[in-house]
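Here are a few short exercises to work through with the model open beside you. Try each task before you read its solution.

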Amino acid sequence: MPTIDSAPVLQRIRHPFRARHVQLLARESISPGFLRLTLGGAELDGFISAGFDDHIKLILPQAGLEKPRLPVMIDGRPHIEGERPTMRDYTPLRHDAARNTLAMDFALHGTGPAAEWARGAPIGQWVGLAGPRGSMLVPVDLQWHWLLGDETAMPAIERRLAELPPGTQAVVRVQLADGADRRAWRSAANLDLQWVESLAPSVQSLDIPQGSGFIWAAGEHRAMAQLRKQVLSKPGADPRHMRIASYWKQGEVGHHEELGSAD
């Protein structure tokens, strides 16, 4: 049976709550199913995103307003005056502190308001960003990392691969509905990357290595719940060395949930 360090490796940190107005600066089509948008402005000064799978709230423009209303903290909870704007969770892909810009990827497989905004918003339009309110830090110098998910996990996986140092092993499995959305990812780590039609069979064939490591996965709620059970059934699995998140749920809007860290 594989032996791994059983000490928890996750470190949770909190950030002061802050909401910002930013403008849409650029739009780039990076594959048939994805757009990469660059947002920026002076209010991005001081932006912090310490974890590769952080999420921020994108606050879409409200009708009749040049800038959407932003949440403020009241009694420890975010509150927005008047009509609640449309908000969705996204992963900050690349932050340039010197230029006060932030790149984010938008999947276009759906027809929701965020995807429609990403497709058609005019350059220069104002939107809001809130958060991240906290980060989960996983050491980069572990011996091995599993990064698993569907299209919604791709920004976090891309960001993580850019962080990993030489000498580590990165096993990546991504379930794609359209093979044309594959990316030419590179990493200083030893990269084992496969684009798959179904995540479960590809993970079933993997054995948990010896040594220190971490398993990260994100995607649709039911698929991730099943994946978590699948991973925990493997010899050497330790829930303290994994984080599996539900980034979306079939039939629901604005879903985001971290699945349990222990049974």
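**Exercise 1.** Over which residues does pLDDT stay under 50?

Solution. This is a predicted model, and its mean pLDDT is 92, with 92% of the residues reaching 70 or more. Next, look for the weak stretch: pLDDT stays under 50 over residues 1-5. The model has 18 contacts beyond four places in sequence for residues 1-5. Finally, a word of caution: where pLDDT is low, the predicted coordinates should not be read in detail.

**Exercise 2.** Find how the size of the protein chain relates to the globule rule.

Solution. Start with the elements: the chain holds four helices and 17 strands. Its radius of gyration is 19 Å, close to the 18 Å that the rule gives for 263 residues, so the chain is as compact as a globular protein of that length. Then turn to contacts: of those with a separation of 6 or more, 72% are between residues 24 or more positions apart.

**Exercise 3.** Asp 75 has a positive phi, and so does Asn 100; decide for each whether the residue is buried or exposed.

Solution. Take Asp 75 to begin with: phi is about 55 degrees, although Asp 75 is not a glycine. Asp 75 sits in the loop between strand 5 (72-74) and strand 6 (77-79). Its relative accessible area is 78%; exposed means over 50%, so Asp 75 is exposed. Now Asn 100, with phi also about 55 degrees, in the loop between strand 8 (94-96) and strand 9 (101-107). Its relative accessible area is 17%; buried means under 20%, so Asn 100 is buried.

Definitions and conventions:
Residues are numbered from 1 along each chain as its sequence is written. This is a predicted model: local features need pLDDT of at least 70, side-chain atom pairs count only at pLDDT 80 or more; totals for chains, interfaces and linings use all residues. Side-chain values use heavy atoms; hydrogens and water are left out. Helices (H or I, at least four residues) and strands (E, at least two) are DSSP runs, numbered from the N terminus. The radius of gyration is taken over C-alpha atoms; the globule rule is 2.2 Å times the number of residues to the power 0.38. Contact means heavy atoms within 4.5 Å. pLDDT is the predictor's confidence in each residue, from 0 to 100. Buried means under 20% relative accessible area, exposed over 50%, partly exposed in between (1.4 Å probe, protein chains only).
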